[in-house]
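Q: Please examine the nonpolar core of this protein closely. Which residues have the most contacts inside it?

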Amino acid sequence: RANRKFHPENSVVKIDKEKIGGGQLGIIAGPCSVESEEQIIHVAKRIKAAGANFLRGGAFKPRTSPYSFQGLELEGLRMLQAAKAETGLPIVTELMSTKWIDEFVDSVDMIQIGARNMQNFDLLKEVGKTNTPVLLKRGLSATYKEWLMSAEYIMSEGNENVILCERGIRTFETETRNTLDIQAVPVIKKLSHLPIIIDPSHAGGMSYLVEAGAKAGIAAGADGLMIEVHDDPANAWSDGEQCLTPDEFAELMVKARKLAEIE
Ligand code: PEP
Ligand code: MN
């Protein structure tokens, strides 16, 4: 079902009042983690003013260490909804366990499946039984075929609203957090009709790398971007090094729009 052979036209996925695929860039922005209601509302207003279409923010966090901050959980979902009520921005947030699937279906506009869960097949099947759009991140060392098979798990249960997200892969390089695989865009577009977006924040792991990755993604023909934005990156509860400030994000949006126009 994800295969281009049986579906020659590009898919467009509707998410609340927005869509991703088929032309204009879909911009998802927001902090790595939801930290407080004031924080998420503040960031939501700033990114909306800069031209973002969706608000992101993790409430359930897949942290490497069990001793790191794990997310505000259901309280975080409630804060995201409050930010949506203030700004109208549809919300995207990560689901890690089938345990919370009903709460997610009721309160989020797009369910993110994180890189670490790309092959959590039970989770994929369960989100496949819902109608909520799914943002499927590429696994840390997943091949294109494995990634598309994960999309297939979701779609084969009936949910065809899948968007892929390249977020960098593990390579031998240690200077950057991951290596952004820009070739993912043309390869996925050849093999599949699904929209694909680029997350330069998790790919590079450092804020100075975000602009180059975002521009490369647009130039390669990606359908959108996911960018981490924090009002005070130095004090972020997670991924501060890779977050842009709202001002930096606004500048990036100006450049991104120019580049998208000449595309
Ligand atoms: C995130 O989006 O905050 C995240 C944890 O991403 P990934 O699954 O790509 O590491
Ligand atoms: Mn993050």
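A: In this predicted model, buried residues account for 49% of the 263 residues in the protein. The largest nonpolar core has 74 residues, and those with the most contacts inside it are Ile 113, Leu 136 and Ala 151. Helix H5 (residues 144-155) supplies the largest share of this core, namely six residues. In soluble globular proteins, nonpolar side chains tend to be buried together.

Leu 136 merits a closer description. Once its neighbours within four places in sequence are set aside, Leu 136 is in contact with Ile 113 and Ala 151, and also with Met 118, Ser 150, Ile 154, Val 162, Leu 164 and Cys 165. For the protein as a whole, 67% of the contacts between residues at least 6 apart in sequence join residues at least 24 apart.

The setting of the core is as follows. The secondary structure comprises nine helices and ten strands. The protein has a radius of gyration of 17 Å, close to the 18 Å given by the globule rule for 263 residues, so it is as compact as a globular protein of that length. Its C-alpha trace spans about 45 × 45 × 40 Å along the principal axes.

As to confidence, the mean pLDDT of the protein is 97, and 100% of its residues reach 70 or more. Among the elements, strand S7 (residues 134-137) has the highest mean pLDDT, 99, and helix H9 (residues 246-262) the lowest, 95. The model scores ipTM 0.99 and pTM 0.98.

Conventions: Residues numbered from 1 in each chain as written. Chains lettered and ligands numbered in written order. Predicted model: local features only at pLDDT ≥ 70, side-chain atom pairs only at ≥ 80, totals over all residues. pLDDT = per-residue confidence, 0-100. Helix = DSSP H or I, 4+ residues; strand = E, 2+ residues; numbered from the N terminus. Core = buried A, V, L, I, M, F, W, Y, C linked by C-beta atoms within 7 Å. Buried ≥ 20, exposed ≤ 12 C-beta atoms within 10 Å, placed from the backbone. Contact = placed C-beta atoms within 7 Å. Rg over C-alpha atoms; globule rule 2.2 N^0.38 Å.
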